[in-house]
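Please look over the sequence and the model below. The paragraphs that follow go through some of its parts in turn.

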Amino acid sequence: MSGPIFALASGAGRAAVALLRLSGAGVEELVAVLCGALPEPRRASLRRLTHEGVVLDRALVLWLPGPGSYTGEDSAELHLHGGPAVLAAVTEALVALGARPAEPGEFTRRAFLNGRMDLTAAEGIADLIAAETEAQRRQALRQAEGGLAARHAEWAARLTRLLARQEAFIEFEEEDLPTDLDVQVSLAAGVLREEMAALLADGGRAEKLRDGLAIAILGAPNAGKSSLLNALSGRDAAIVSARAGTTRDVVEVRLILAGVPVTLADTAGLREAADEIEAEGVRRALARAEAADLRMLVFAADAEPDAATLSLLGPEALVVANKSDLGDVAIEGAIRVSARTGEGLDELRARLEGAAAARAGLGEEAALTRPRHRAALRDAVEWLDRLPLAGLPELRAEALRNALRALSRLTGRVDVEQVLDLIFGEFCIGK
Ligand SMILES: Nc1nc2c(c(=O)[nH]1)N(C=O)[C@@H](CNc1ccc(C(=O)N[C@@H](CCC(=O)O)C(=O)O)cc1)CN2
Ligand SMILES: Nc1nc2c(ncn2[C@@H]2O[C@H](COP(=O)(O)OP(=O)(O)OP(=O)(O)O)[C@@H](O)[C@H]2O)c(=O)[nH]1
Ligand SMILES: [Mg+2]
């Protein structure tokens, strides 16, 4: 157990109650001193907190002895009155008694180091605290509750068994082992590899739900892009005018569509620019078009479609014919809307929500929510890819071991013991 740390665990700002959390060696003594005696474990007790004869607060105290605590260490919670002076006085007393303020994430770091949770669960908790939308909350909770770790455990167990068989082949070559063991191991590893590749081929949906989706509004000057941005966001975010070339800078609005955080970007109208400022605007618009997860192409229904916007057409684009109140020029697959009258805006919003959900919705129980998950899994797949090419049993075992090591970066636990158990346990060769 490491030394005692403390932190305000309740939300910032003025509130009725402030939750101060403590963890580490020495917390037992610390709580006993503050309360006069150690309260009953794991029960809320109302106590007068005193330090050097001064009453600091009347608080609810929880004494949570390890290892059955969040961190696995001796812990405590002080549910104090929420005033800043109360917090200051208690903090001062805690420091005087040998505790120090915790670093960000230190409680969860200790929980990880004490084997209370794996890395993916810790990340899930961080995401849960940061979650701003319902879909983000669900994804984070799944990960915190071991969705990804469970998938890892299942794969790691299979991989470990394959490694054990391959190792046994090296150790006991003359023994009665199946002669087609290499083939069996390669086949099983191939199945594993496909399952991993399937999870990797998720289009980055889980990461996008975490980070948010970028949608770019693109089209000719005056098509009504800024008007649509304002209509969709419900506020006057961008300047609208009858003069073509009004928008130059990219104007961003944050929205939540189908539980997915989205940045909607209004851009300069695409055309041969009249001056260098507008030209820079068009460059920025095209850069946004390139970087966006979803492109909303806006045409005006009272004009022929322009070539610049048409060139951005693709199966992934959402095509909009705005100014439906002024004309009905046919544009294949377009949603007819009018930013002026509001016609078609509900359908446009529904289509955007559908697209956002498809690109960033909740995927499987096990989801790759961070680039490091993807990197670890990709490495594991690469090592498995080398397996059939590796001739010597030693090289094959090495490839399997490296695949297992790469996979275990997901949870942060490389279980060497587990491999040894399997090697010496599963094969009772009597030697
Ligand atoms: N007051 C309070 N509320 C809180 C927390 C907390 O630490 N304190 N949490 C903090 O994140 C979250 C709940 N998560 C928790 C997870 C594990 C343990 C824990 O002590 N686990 C022990 C004992 C389990 C039990 O009582 O059955 C264990 O797993 O051994 C506590 C909270 C959210 N709400
Ligand atoms: N009748 C009608 N007018 C519209 C509609 N949408 C926008 N307008 C008008 O069209 C003009 C251009 O609108 P903006 O939203 O500024 O167009 P934009 O595409 O952002 O133009 P740039 O920023 O110059 O690229 C303004 O006068 C709007 O009031 C619509 O649905 N119907
Ligand atoms: Mg504009």
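How far apart are the end C-alpha atoms of helix α4, and what should its 12 residues span? This is a predicted model, and the answer is computed from its atoms. Helix α4 covers residues 119–130, and at 1.5 Å a residue it should span 16 Å. Its end C-alpha atoms are 17 Å apart, which agrees with that expectation. Buried residues in α4 are L119, T120, A121, A122, E123, G124, I125 and D127. An α-helix has 3.6 residues a turn, so residues three or four places apart point the same way.

The loop between α3 (106–113) and α4 holds R116. R116 has 19 other C-beta atoms within 10 Å, and because a residue needs 20 or more to be buried, R116 counts as partly exposed. Not counting residues up to four places away in sequence, R116 touches T71, G72 and A111. The UniProt record, an unreviewed entry, lists R116 under "binding site", together with R21, E77 and K431.

E77, another position in that UniProt list, lies in strand β5, which covers residues 75–81. Is E77 buried or exposed? E77 counts as buried because it has 21 C-beta neighbours inside 10 Å. Leaving aside its neighbours within four places in sequence, E77 is in contact with L19, R21 and L62. R21 is itself among the positions that UniProt lists for "binding site".

E77 also belongs to the surroundings of ligand 1, where the residues are L19, G68, S69, Y70 and E77. By class, this shell has two nonpolar, two polar and one charged residues. L19 thus appears both around ligand 1 and in contact with E77.

Ligand 2 is surrounded by 24 residues. The closest of them are G224, S226, S227, T247 and G269. Which helix gives the most to the shell around ligand 2? Helix α9, residues 225–233, does so with three residues. Sorted by class, the shell around ligand 2 has eight nonpolar, 12 polar and four charged residues.

A last part to look at is a pair of strands. Strand β8 (residues 251–257) and strand β9 (residues 260–266) run antiparallel and are joined by seven bridges. L257 has V260, in β9, as its bridge partner. The hairpin of β8 and β9 has two residues between the strands, and in this hairpin A258 takes a positive phi near 55 degrees.

Definitions and conventions
Residues numbered from 1 in each chain as written. Chains lettered and ligands numbered in written order. Predicted model: local features only at pLDDT ≥ 70, side-chain atom pairs only at ≥ 80, totals over all residues. Near = placed C-beta within 6 Å. Helix = DSSP H or I, 4+ residues; strand = E, 2+ residues; numbered from the N terminus. Nonpolar A, V, L, I, M, F, W, Y, C, P; charged D, E, K, R; others polar. Pairing = 2+ DSSP bridges. Expected span 1.5 Å × (residues − 1). Buried ≥ 20, exposed ≤ 12 C-beta atoms within 10 Å, placed from the backbone. UniProt positions renumbered as here; feature names shortened; annotations may be inferred. Contact = placed C-beta atoms within 7 Å.
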